[in-house]
Amino acid sequence: MNIRRAEEKDMERINRLLLQVCLVHHNGRPDLFRCGAKKYTDEELRELIHDERCPILVAADADDQVTGYAFCRFIEHPNDNILTDIKTLYIDDLCVEETLRGQHIGSALYEAVLAFARRHGCYNVTLNVWSCNESARRFYERCGLKPQKIGMEVIL
């Protein structure tokens, strides 16, 4: 397995994974997530692939086919009134091909994200996980992540 930056040639496989993520979210919260949708249009995805502030790492197999991804984003709050001036790498989305889960691809991607963040002078790596996605929560806890904040809601 090779972990590298995403390229335009990876878009078809990334789109397939984006659909898998949306389905997990739709199954957990059909009131919030549409069935069969993906997070980005092809044009938006193409722009993200070339955006240095939003690195996308992919895991590729021996045939250079994408088996997983981690969409990331640098976050900083310079001169903020209350927040310290740290650099965070936020994992916006991490997904492994559903037929390949359990093969440590996700762990390798996560470790690559940590190494990437360290190389870029980040203080921390953060992410959000939906409470309905229990398998993702367990995965992140096994990786050593701890809750930073908790989002709450009431449905009216």
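A residue counts as buried when its relative accessible area is under 20%, as exposed when that value is over 50%, and as partly exposed in between. The exercises below apply this and related cut-offs to a predicted model.

**Exercise 1.** Determine whether tyrosine 140, phenylalanine 139 and tryptophan 130 are buried, partly exposed or exposed.

*Solution.* Begin with tyrosine 140, whose relative accessibility is 10%, so that the residue counts as buried. Phenylalanine 139, with 14% relative accessibility, counts as buried too. Tryptophan 130, in contrast, has a relative accessibility of 37% and therefore counts as partly exposed.

**Exercise 2.** Classify the ring pair of phenylalanine 33 and tryptophan 130, and state which parts of the chain the pair ties together.

*Solution.* Ring centres must lie within 6.5 Å for a pair, and planes over 60 degrees apart count as edge-to-face. The model holds five aromatic pairs by this rule. For phenylalanine 33 and tryptophan 130 the centres are 5.1 Å apart and the planes make an angle of 85°, which places the pair in the edge-to-face class. Phenylalanine 33 belongs to the loop between α1 (11-28) and α2 (42-49), whereas tryptophan 130 belongs to the loop between β5 (124-127) and α4 (134-142), so the contact ties together parts that are 97 residues apart in sequence. Phenylalanine 139 and tyrosine 140 also form an edge-to-face pair, at 5.3 Å centre to centre and 65° between the planes.

**Exercise 3.** Describe the strand order of the sheet, and explain why β1 and β5 each have one side without a neighbour.

*Solution.* The five strands form an open sheet in the order β1-β2-β3-β4-β5, and their pairing is mixed. Because β1 (2-5) and β5 stand at the edges, each has a single partner strand, and one side of each is left without a neighbour in the sheet. From one strand to the next, the twist averages 30°. Strand β4 (residues 87-96) runs parallel to β5 and is joined to that strand by four bridges; tyrosine 90 stands opposite threonine 126 in β5. Helix α3 (residues 105-119) lies across β1, β2 (56-60), β3 (66-76), β4 and β5, and runs at about 160° to β4.

**Exercise 4.** Check the span of α1 against the value expected for its 18 residues, and state what its buried residues pack against.

*Solution.* At 1.5 Å a residue, the 18 residues should span 26 Å, which agrees with the 26 Å between the end C-alpha atoms of α1. The buried residues of this helix include Met11, Ile14, Leu17 and His26. As a set, the buried residues of α1 pack against α2, β2, β3 and β4.

Terms used
Residues are numbered from 1 along each chain as its sequence is written. This is a predicted model: local features need pLDDT of at least 70, side-chain atom pairs count only at pLDDT 80 or more; totals for chains, interfaces and linings use all residues. Side-chain values use heavy atoms; hydrogens and water are left out. Rings of Phe, Tyr and Trp (its six-membered ring) pair if their centres lie within 6.5 Å; planes under 30 degrees apart count as stacked, over 60 as edge-to-face and the rest as tilted. Helices (H or I, at least four residues) and strands (E, at least two) are DSSP runs, numbered from the N terminus. Buried means under 20% relative accessible area, exposed over 50%, partly exposed in between (1.4 Å probe, protein chains only). Two strands pair if DSSP finds at least two bridges between them. Axes are lines fitted to C-alpha atoms, for helices over the stretch in contact, and angles run from 0 to 180 degrees between N-to-C directions. Contact means heavy atoms within 4.5 Å. The expected span of a helix is 1.5 Å times one less than its number of residues.
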